[in-house]
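Subject: Structure handover

Dear colleague,

I am passing on the structure we spoke about, and I would be glad if you could look through it before reading my notes. Please find the sequence and the structure here.

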Amino acid sequence: MSRVADGAAGSDLRLVPNPAPSTIDQITAYINANLARPIGVADIAAGVGLGRRQVQVLCRKHWGLTPTQLLREVRLEHAHTLLAHREPGPSAGFITRVAESVGYTDLSRFGLHYRHRFGQTPSQTLQTVVPLPAAHQPVWRVAMDRYRAVARPLAVPETAFTRDQRITWEEYRLDKEFSRVRADAELGALFELPTGTELLRRRFVFHARDEPQQISVNFLPWDLVGDTPVSDPAREPWPGGTLAQLAYLGHPPTRVEEAVRSRMPTPEEAETLRLTGGVPVLAITRRMLSRASVMEVCRDIVLPADRVVLDYSIDL
């Protein structure tokens with residue numbers, strides 16, 4: 001599936017506003033980013049720039065819960081995922097660590113809420129660890145080595161994603177949507193460019209053997225890619241991916257920066273990636289630089305946390 005704003009490629013892409021996250025997404029993102037902190041309704045309201053009453057109304061309308069109930073639900077779902085899919089190994093102190101990671105300092109209260117929600121105690125869940133489906137065994141995403149590999153001449157068509165997934169080019173599918181947008185304040189800071197700078201926005205959904213595995217929303221300066229094959233969705237997937245595209249444009253990347261955080265998926269992300277309830281995602285914000293200039297910003301690469309292992313190594 002491929003979609004282009006107004007159905008045209010290249011310079012015919014009409015400039016559209018960069019979609020801001022909805023207030024609902026902001027609420028869930030704030031909660032997920034602060035699971036371990038002792039936050040309450042006032043903190044959530046301040047975090048998303050609304051009044052307490054507004055947050056209460058939104059939570060009731062969208063989830064049928066009060067903000068406090070929503071906070072508890074997200075915390076318990078996250079705790080259940082951690083307990084139900086624990087890797088084999090020593091379990092001493094694990095329940096305490098899980099409770100603390102989702103904001104519970106009182107283990108008795110955690111156990112009470114957990115049993116009320118799931119009909120069993122945390123220790124009972126821990127004793128019946130659910131193995132991950134074979135199709136979703138984690139793949140290894142090995143730091144910058146994955147980028148170095150596709151930066152070299154390619155013997156066969158591939159990208160960093162196909163290497164991670166160990167799939168052939170024929171087993172790879174990419175859904176894409178292209179549009180022209182203006183940089184918001186965050187994108188401007190990441191690019192080190194003024195707010196309002198024109199960008200090409202590309203939203204990709206990566207499939208391995210027809211299973212959706214990754215969502216990526218990346219941005220490139222329009223004055224770099226406009227009227228080039230890079231702004232044409234019909235050219236995707238491009239062997240070598242974004243690294244090869246930037247090299248094609250005369251700006252081969254010399255540095256890649258990634259920042260990783262964990263959060264719960266938005267409803268759209270959960271539907272797209274076919275996630276079961278309670279599975280968190282890893283969100284990676286990436287910058288590609290050529291010398292001192294930022295050529296690409298990815299905000300974000302979204303990966304199901306139960307399907308990938310991030311493997312970083314640092315030469316000292």
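The notes that follow go through strands, aromatic rings and backbone details in turn.

Please keep in mind throughout that this is a predicted model.

Strand E5 is a convenient place to begin. It covers residues 211-221, and because 10 of its 11 residues are buried, the strand is largely enclosed by the rest of the structure. Strand E5 pairs with E4 in the antiparallel sense over 10 bridges, and within this pairing Val205 stands opposite Ile215 of E5. The two strands E4 and E5 form a hairpin with 2 residues between them, and Arg209, which sits in the turn, has a positive phi of about 50°. Strand E5 is also joined to E8, here by 4 bridges, and these two strands likewise run antiparallel; Phe219 stands opposite Val297 in E8.

Turning to the aromatic side chains, the structure holds 10 aromatic pairs. In one of them the ring centres of Tyr114 and Phe118 are 4.7 Å apart and the planes stand at 50°, so this pair is tilted. Both residues belong to helix H6, which spans residues 107-118, and because they are 4 residues apart in that helix, about one helical turn separates them. Tyr114 has a relative accessibility of 0% and therefore counts as buried.

Trp169 and Tyr172 make another aromatic pair, this one edge-to-face, with 5.2 Å from centre to centre and 65° between the planes. As for how the two residues are placed with respect to the surface, Trp169 counts as partly exposed because its relative accessibility is 21%, while Tyr172, with a relative accessible area of 10%, is buried. The cut-off that matters for this reading is that buried means under 20% relative accessible area. Trp169 and Tyr172 are also members of one aromatic cluster, which they form together with Phe161, Phe178, Phe204 and Phe206.

Some details of the backbone deserve a careful look as well. The peptide bond that leads from Glu236 to Pro237 is cis, with omega near 0°, and Pro237 has its place in the loop between helix H11 (222-225) and helix H12 (241-248). A cis peptide bond is also found from Arg299 to Asp300, where omega is near 10°; in this case Asp300 lies in a strand, namely E8, which comprises residues 293-304.

Which value does phi take in Glu192, a residue other than glycine? Phi of Glu192 is positive, near 60°, and the residue is found in the loop between helix H10 (185-191) and strand E4 (198-208). With a relative accessibility of 54%, Glu192 counts as exposed. Arg291 likewise has a positive phi near 60°, and its position is in the loop between strand E7 (281-290) and E8. Since its relative accessibility is 68%, Arg291 counts as exposed.

If you open the model with these notes beside you, I would suggest starting from the hairpin of E4 and E5, and then moving on to the aromatic cluster that includes Trp169 and Tyr172.

With kind regards

Note on methods. Residues numbered from 1 in each chain as written. Predicted model: local features only at pLDDT ≥ 70, side-chain atom pairs only at ≥ 80, totals over all residues. Heavy atoms only, no water. Phe/Tyr/Trp six-rings, centres within 6.5 Å; stacked < 30°, edge-to-face > 60°. Buried < 20%, exposed > 50% of the residue type's maximum accessible area, 1.4 Å probe, protein only. Pairing = 2+ DSSP bridges.
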